[in-house]
Amino acid sequence: MRAQATEFLRALRRHRESGASGASGASGGAGAPGGGTGAGASAPGRAAPPADDVDAVRALRRAARRISGTLHTFQPLLDASWAEEMRPELAWLSGTLALEHAYASRLERLLQALHRLSGSAAFPAPRPVGRAAATVPAPARPASPDRGSLTVGAAKAGALLDRQLTLARTRAHSTALQALGSSRFHAVADKVALLASEVPLRATGRPDRGPAPATSASGPGTAPFDLRPLAAAAEERLTDAVTALPLVAAGSPYNAQALVHGLSPDPAPHPQDAPWHQVRLLLRLHRYALEALAGADAGDTEAAVDVRLLAAGEALDRHRDASEAAAAAAQAARTPRIAPATAYALGVLHADQRHEVEAARYAFQHSWRKEPIRLP
């Protein structure tokens, strides 16, 4: 946790420096971590924030997510009031900073899928916020005769998606800038700065009963705690959640039953996706717990990196991206008074992303059922 807190502070310093250099005359003091970036991003005629600023925000989000995940798993070892107050604040920060990148990636994914399905490049290329260079579209291919109907609506479908997701991304960008300049963020940064020097452990009692070979995260002067029971509990929660998944149905790369359910007119999130999203979160917590064990006891081979977990996590990330992209296509198709060709293109795009969801589930079960391979 102290290492992640240090990474958080390092990313915060990079963000302040890039914000101060990107806006002339802006105050780059400790009280305004997002002030310079906000001026440089919102004022007309100014250059976009440098890539270093985007990378710094991404590092902030990653460090906050890892600290929050570690707090979730090892909360019985920590000061209860501090952990209960810290976790929701870190979740708020990482979630707020993740929205802009999520909308940008979703738009890029959908436009690339439209190009692949229709063979047409007559729709707008994604415009990433915070990066100087725009994404270079793939070369256009001549549309085959059986893609004629799709090609007619692909341009308007792409323009509609571009308007909706770019607006959402711009709002998320403004929200992130406001969050980084708020007093709420300052309070979180102050607590993380204290965490970098000392982890607030429980003042009384030992939560474990067995031997404690692992070194305490607060330093060599404190009594050691055994992290393994809590890490094992995180692994057990993951195993139970995976057991509840329909891996038999996911064993086929084409799950027609799931695709039929995906055509439901219900605007709510897809009901079949929620258990898979939960497994993705539990898998992440399990990986963070293994990293904590590896940091506490470098000689513990059970805490080494599991290649199977990495492959399963990548499959679940693709599952999340495809699921959210399909929902965005369905939401665009509900726009009033759109042309039938546009609605048709969005429907084909939705079905394509649901196919990607099933392919990701197949990849997950294929990697999960393999024997674990641990790196030394």
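## Ser 323 and its surroundings

Ser 323 is buried in this predicted model, its relative accessible area being 9%. Because the cut-off for a buried residue is under 20%, a value of 9% places Ser 323 in that class. The residue belongs to helix H11, which spans residues 307-333. Leaving aside residues up to four places away in sequence, Ser 323 touches Asp 273, His 277, Arg 354 and Val 357.

## Nonpolar cores

The largest nonpolar core comprises 54 residues. Within this core, Phe 8 and Phe 364 have the most contacts. Helix H10, covering residues 274-296, is the element that gives the most to the core, contributing nine residues.

The contacts of Phe 364 can be listed individually. With residues up to four places away in sequence not counted, Phe 364 touches Val 242, Leu 245, Leu 247, Trp 276, Val 279, Ala 312, Ala 315 and Leu 316. A second core, separate from the largest one, consists of 18 residues; among them are Leu 111, Ala 157, Leu 161 and Ala 328.

## Helix H4

Helix H4 runs through residues 80-118 and has 39 residues. From its first C-alpha to its last, H4 reaches 55 Å, close to the 57 Å expected at 1.5 Å a residue. The helix nevertheless contains a kink of about 35 degrees, centred on Leu 99. Gly 119 follows H4 and has a positive phi, near 70 degrees.

Glu 108 is also located in H4. Its relative accessibility is 28%, so Glu 108 counts as partly exposed. The C-alpha atom of Glu 108 is separated by 9.8 Å from that of Ala 325, although these two residues are 217 residues apart along the chain.

## The largest pocket

The largest pocket has a volume of about 1,300 Å³. Its lining is made up of 35 residues, and those nearest the centre of the pocket are Arg 65, Arg 280, Arg 284, Asp 317 and Arg 320.

Helices H3 (51-73), H4, H10 and H11 are the elements that give two or more residues to this lining. Of these, H4 gives the most, with 11 residues. The pocket thus involves helices already described in other settings: H10 also gives the most to the largest nonpolar core, and H11 also holds Ser 323.

Terms used. Residues are numbered from 1 along each chain as its sequence is written. This is a predicted model: local features need pLDDT of at least 70, side-chain atom pairs count only at pLDDT 80 or more; totals for chains, interfaces and linings use all residues. Side-chain values use heavy atoms; hydrogens and water are left out. A nonpolar core is a set of buried Ala, Val, Leu, Ile, Met, Phe, Trp, Tyr and Cys residues joined through side-chain atoms within 4.5 Å. Buried means under 20% relative accessible area, exposed over 50%, partly exposed in between (1.4 Å probe, protein chains only). Helices (H or I, at least four residues) and strands (E, at least two) are DSSP runs, numbered from the N terminus. Contact means heavy atoms within 4.5 Å. The expected span of a helix is 1.5 Å times one less than its number of residues. The bend at a residue is the angle between axes fitted to the seven residues ending there and the seven starting there. On a 1 Å grid over the protein atoms alone, a cavity is a set of points where a 1.4 Å probe fits but cannot get out, and a pocket is an open set with protein on both sides within 12 Å along at least five of seven lines; lining residues have an atom within 4 Å of a point. Grid points are joined across faces, edges and corners, and a volume is the space filled by probe spheres set on the points.
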